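Subject: Structure for you to look over

Dear colleague,

I am passing on the structure we talked about, and below it you will find my notes on what turned up when I went through it. Please read them with the model open beside you.

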Amino acid sequence: MTSTSCETRPFRAADLGTLVVMAWSGGAPDGDMPYLLAYSLGNGASGPEASSAAVERLLLSTGLSIGEELVDAAGRPSLPISLLVEAGRAVVTMPHLNAQCLPPPEWLAAVGRRGHAYLVFTTRPWPAAKPGKPVTPETLAAFAGAEETLKAAAHVLLPARSLRG
């Protein structure tokens with residue numbers, strides 16, 4: 001007789017490594033779409049594989065799925081993830097983390113028109129794209145648009161909230 005262990009590994013923020021959020025806007029049939037890409041550098045305490053697994057645990061514990069399904073957070077008010085756009089910053093909040101970035105003006109304009117942003121939160125580490133280092137549009141497109149990145153990500157339309165009523 002065989003048995004299977006159902007061990008649930010506790011969440012450890014150190015396993016995530018450095019989390020980065022990057023904002024850009026891109027053409028869509030109905031105007032620019034504001035995108036957010038969230039990823040780990042893969043530099044967690046136990047290495048890139050553990051960072052990837054920690055991001056996956058974080059996303060699944062939040063009620064998101066990994067793959068190509070797009071979740072509209074406006075239709076799931078109990079989803080514990082939010083986007084605050086205030087004072088030129090975008091802040092993504094979810095259990096265990098708050099991440100922010102300074103989006104470009106065209107992103108802010110697009111999120112202002114649409115009222116939401118498209119978050120791609122991938123479990124795929126991207127060690128080359130460190131905070132403060134410029135990333136060319138071609139490099140961003142190659143990583144963010146790669147099938148490997150998209151299939152390893154949660155996809156969420158996040159309503160943009162502000163502190164103003």
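Leaving out residues up to four places away in sequence, Phe-121 touches Leu-19, Ala-38, Val-55, Leu-58, Leu-59, Met-94, Leu-97, Ala-152, Ala-153 and Ala-154. Apart from the core to which Phe-121 belongs, there lies another one of 16 residues, with Met-22, Tyr-39, Leu-41 and Tyr-118 among them. The core that holds Phe-121 is the largest nonpolar one, with 30 residues, and those with the most contacts inside it are Leu-36, Leu-64, Ile-81, Leu-83, Trp-107, Leu-119 and Phe-121 itself. Helix α2 (residues 48–61) gives the most to this core, contributing four residues.

Please bear in mind that this is a predicted model. The protein chain averages a pLDDT of 89, and 92% of the residues score at least 70. Over residues 1–8, however, the pLDDT is below 50, and this stretch has zero contacts in the model beyond near neighbours in sequence, so I would ask you to read nothing into its placement.

Strand β7 (residues 116–122) is a good place to continue, being mostly covered, with six of its seven residues buried. Strand β2 (residues 33–40) runs parallel to β7 and is joined to it by four bridges, Tyr-35 having Tyr-118 as its bridge partner in β7. Strand β8 (residues 153–161), by contrast, runs antiparallel to β7, with seven bridges between them, and there Leu-119 stands opposite Val-156. In a regular strand the side chains alternate between the two faces of the sheet. With that in mind, you may like to follow Tyr-118, which is listed in the core of 16 residues, and Leu-119, which is listed in the core of 30.

Turning to the rings, the count comes to five aromatic pairs. One of them is formed by Tyr-35 and Tyr-118, a tilted pair at 5.6 Å centre to centre with 50 degrees between the planes. Because Tyr-35 lies in strand β2 and Tyr-118 in strand β7, this pair ties together parts that are 83 residues apart in sequence. Tyr-118 is buried, with a relative accessible area of 18%, and together with Trp-24 and Tyr-35 it forms one aromatic cluster. Trp-126 and Phe-143 form a stacked pair, 4.1 Å centre to centre and with 5 degrees between the planes. Since Trp-126 lies in the loop between β7 and α4 (137–144) and Phe-143 in helix α4, that pair ties together parts 17 residues apart in sequence, and both residues are buried.

What, finally, are the buried residues of helix α3 (residues 105–114)? They are Trp-107, Ala-110 and Val-111, and seen down the axis of α3 they fall within an arc of 95 degrees, so they line one face of the helix. On the other side of α3, Pro-105, Gly-112 and Arg-113 are exposed. What covers the buried residues includes β1 (19–26), β2, β4 (82–86), β5 (89–94), β7 and β8. Val-111 has a relative accessible area of 5% and, leaving aside its neighbours within four places in sequence, is in contact with Pro-34, Val-85, His-116, Ala-117 and Ala-160. Just after α3, Gly-115 takes a positive phi of about 85 degrees.

With best wishes

Key:
Residues are numbered from 1 along each chain as its sequence is written. This is a predicted model: local features need pLDDT of at least 70, side-chain atom pairs count only at pLDDT 80 or more; totals for chains, interfaces and linings use all residues. Side-chain values use heavy atoms; hydrogens and water are left out. Buried means under 20% relative accessible area, exposed over 50%, partly exposed in between (1.4 Å probe, protein chains only). Helices (H or I, at least four residues) and strands (E, at least two) are DSSP runs, numbered from the N terminus. Two strands pair if DSSP finds at least two bridges between them. A nonpolar core is a set of buried Ala, Val, Leu, Ile, Met, Phe, Trp, Tyr and Cys residues joined through side-chain atoms within 4.5 Å. Contact means heavy atoms within 4.5 Å. The arc is that of the directions from the helix axis to the C-beta atoms. pLDDT is the predictor's confidence in each residue, from 0 to 100. Rings of Phe, Tyr and Trp (its six-membered ring) pair if their centres lie within 6.5 Å; planes under 30 degrees apart count as stacked, over 60 as edge-to-face and the rest as tilted.
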